[in-house]
Amino acid sequence: MFNAKSSTVVLAALLAAQAGWAEEVRVYNWSDYIDEELLTKFEEETGYDLIYDVFDSNEVLETKLLAGGSGYDVVVPSATFLQRQISAGAFQPLDKSKLTNIGNLWDVVSARTETYDPGGEYSINYMWGTTGLGVNVGKVTEILGEDAPINSLELVFNPENMEKLAECGVHFLDAPTEMIPAALQYIGEDPDAKDEETLAKAEPILAAVRPFVQKYHSSEYISALANGDICVAFGWSGDILQSRDRAFEADNGVEVAYNAPVEGALMWFDQMAIPVDAPNPEGAHAFLDFILNAENMAAASNYVYYANGNAASMPLLVEDVIGDPAIYPDKATLETLYTTTPYDARAQRFVTRMWTRIKSGT
Ligand code: N2P
C-alpha cells in the first residue's frame with residue numbers, strides 16, 4: 001500500500017545516503033550527564049549524525065515538549081514530569097523489538113519507575129540520584145565550626161547558619177519541585193504534599209533564607225563549588241561529586257563533599273523517552289539501545305558519578321561509583337529517601353507562583 005509519509009521518509013534517507021550525508025538523531029539531555037566520548041562512539045557505530053543539546057531544568061524541557069515540534073528524537077525528563085507528559089500524549093510507545101539490550105535493565109530500579117510509567121511502555125531509566133548538600137568542607141567548618149551540620153537540612157534552611165554562609169556563597173537549585181519538598185521535609189511535613197495549605201508552609205522556610213542565597217541555578221554550582229567561588233550548593237548528587245573531582249584535579253586546596261540530608265532526601269529518576277513527533281524514531285531507538293548496552297552505560301556512570309538502572313553494567317562500574325553509598329545508597333540510607341509524584345495543573349500553578357515570589361524576594 002502506498003503511504004505518503006513513510007515513502008517520504010524512505011526517499012529522504014535514500015537521498016541522504018546517496019549524497020553521503022548521515023541521517024541525524026537529536027538528543028536533548030541534562031548538562032554534565034554523559035562522557036562525551038560516547039557521543040562519538042555512537043556516531044561511529046551507527047553512522048548517524050548526533051546532535052546533542054543540553055538543559056538543566058525539567059520545566060524548560062516540558063515547555064518545549066508540550067508546545068510540540070521540539071525536533072528532538074530522545075528527551076530525558078525526570079520521572080514525575082514524564083508521568084504527566086505521558087498523560088498529555090507527549091511520547092510514543094517504545095518498540096521493544098528494536099531494543100536488543102532491554103534485558104539489561106535492573107529490576108530494582110524498574111520496580112520504582114513502574115509508578116510513573118507502568119510496564120516501561122514509554123521510557124527506560126538513564127540515571128537516578130538524590131538531591132542534597134554539596135559543601136566546601138574547609139570553608140564551611142571555618143565559618144560554622146567543626147560540628148557544622150554538613151549532612152543536615154539545618155545547614156541550608158536554618159537562617160542563622162545561612163546568614164553566616166552567605167559570606168562564602170550559597171547556590172540553590174532553580175527547581176521548585178525539588179526545593180519545596182525539601183523545605184516540607186525539614187519541617188516534618190509530607191514532601192509529596194499536594195494540598196495548598198501544606199504547600200504554603202514551605203514558603204516562609206524558603207523566604208527566610210532567600211536573602212542569603214547568591215543564586216538559584218541548576219548547573220553553575222558544579223564549577224563554582226570546585227573553584228571555591230561558593231561554599232554550599234543544594235544540588236544533585238553526581239554533579240557535586242563531579243565538582244569534588246574537578247577541585248581535586250585542579251589541586252586548588254578545595255575539598256568538596258556531598259551528603260544526602262539525614263532528615264531524608266529526594267530520590268529521582270531520569271527517563272529516556274521518544275517524543276510522539278520525533279523526526280527519526282528509528283534513530284531514537286538506536287540511541288536508546290546504545291545507552292542500554294552495559295559497557296556504554298557503565299562508561300557514562302563512571303564518568304558522571306550517577307547510579308543507573310542497568311544491572312548488566314554493575315560489574316563494569318569502578319569502585320568509586322558502585323562502592324560509594326552517596327551513589328549506590330546502602331539499605332539504611334535508602335530507607336531515608338523519599339520520592340514524589342506529579343502536581344496536577346492547579347497545584348503546579350500554586351507552586352510556580354510561590355517559587356517566583358521566593359526567588360524575587362517579594
Ligand atoms: C545532571 C543533572 C541531572 C539530575 N547534571 C537532575 N535530574
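In this predicted model, the side chain of Glu203 makes a polar contact with the side chain of Arg357, at 2.8 Å. Glu203 belongs to helix α11, which spans residues 202-209. Is this glutamate buried or exposed? With a relative accessible area of 18%, Glu203 falls under the 20% limit and therefore counts as buried. Apart from neighbours within four places in sequence, the residues in contact with Glu203 are Met354, Arg357 and Ile358.

Let me widen the view to the helix itself. The buried residues in α11 are Ala202, Glu203, Ile205, Leu206 and Val209. Looking down the axis of α11, one finds these buried residues within an arc of 165°, so they line one face of the helix. An α-helix has 3.6 residues a turn, so residues three or four places apart point the same way. What do the buried residues of α11 pack against? Their partners are α7 (154-157), α8 (159-165), β5 (170-172), α9, α10 (196-199) and α18 (345-360).

One of those partners, α9, leads to my next residue. Helix α9 covers residues 176-186 and includes Thr177. The relative accessibility of Thr177 is 12%, so this residue counts as buried. Leaving out neighbours up to four places away in sequence, Thr177 is in contact with Glu59, Phe81, Tyr343 and Gln348.

I turn now to helix α2, residues 37-46, where Leu38, Leu39 and Phe42 are buried. Seen along the axis of α2, its buried residues fall within an arc of 105°, and so they line one face of the helix. On the face turned away from this buried side, α2 carries the exposed residues Glu37 and Glu44. As for the packing, the buried residues of α2 meet two strands and two helices by name: β1 (24-30), β2 (49-55), α14 (281-292) and α15 (294-304). Just after α2 comes Gly47, with a positive phi of about 80°.

Positive phi values also appear at residues other than glycine, and I would like to show two cases. In the first case, Asp251 has a positive phi of about 50° although it is not a glycine. Asp251 sits in the loop between α13 (237-250) and β8 (256-259). With 69% relative accessibility, Asp251 counts as exposed. In the second case, Tyr305 is likewise not a glycine, and its phi is positive, near 60°. Tyr305 is placed in the loop between α15 and β10 (307-308). Where Asp251 is exposed, Tyr305 is buried, with a relative accessible area of 8%.

Next, the ligand. Which residues are found around it? They are Trp30, Ser31, Asp32, Tyr33, Ser78, Trp236, Asp239, Trp268, Asp270 and Tyr306. By class, this shell divides into five nonpolar, two polar and three charged residues. Three distances involve nitrogen of the ligand, and I shall take them in turn. A polar backbone atom of Ser31 is 2.6 Å from a nitrogen atom of the ligand. For Asp239, an N or O atom of the side chain is 2.8 Å from a ligand nitrogen atom. For Asp270, a polar side-chain atom lies 2.8 Å from a nitrogen atom of the ligand. How much of the ligand's area does the protein bury? Taken alone, the ligand exposes 260 Å², and the protein buries 99% of that.

Finally, I come to two pairs of residues that are separated in sequence. Leu99 lies in the loop between α4 (79-87) and α5 (107-113). Leu99 is buried, with a relative accessible area of 2%. Along the chain, Leu99 and Phe290 are 191 residues apart, and their C-alpha atoms are separated by 8.8 Å. Not counting residues up to four places away in sequence, Leu99 touches Leu94, His285, Leu288, Asp289 and Leu292.

The other pair involves Phe248, which is found in helix α13. Is Phe248 buried or exposed? Its relative accessibility is 68%, over the 50% limit, so Phe248 counts as exposed. Phe248 and Ala226 are 22 residues apart in sequence, with a C-alpha to C-alpha distance of 8.3 Å.

To return to the starting point: Glu203 is buried, and its side chain makes a polar contact with that of Arg357. Thank you for your attention.

Technical notes. Residues numbered from 1 in each chain as written. Predicted model: local features only at pLDDT ≥ 70, side-chain atom pairs only at ≥ 80, totals over all residues. Heavy atoms only, no water. Buried < 20%, exposed > 50% of the residue type's maximum accessible area, 1.4 Å probe, protein only. Helix = DSSP H or I, 4+ residues; strand = E, 2+ residues; numbered from the N terminus. Arc of directions from axis to C-beta. Contact = heavy atoms within 4.5 Å. Near = heavy atom within 4 Å. Polar contact = N/O pair within 3.5 Å; in protein donor to acceptor, adjacent residues only side chain to side chain. Areas by Shrake-Rupley, 256 points an atom, 1.4 Å probe, with all protein chains shown as cover. Nonpolar A, V, L, I, M, F, W, Y, C, P; charged D, E, K, R; others polar.
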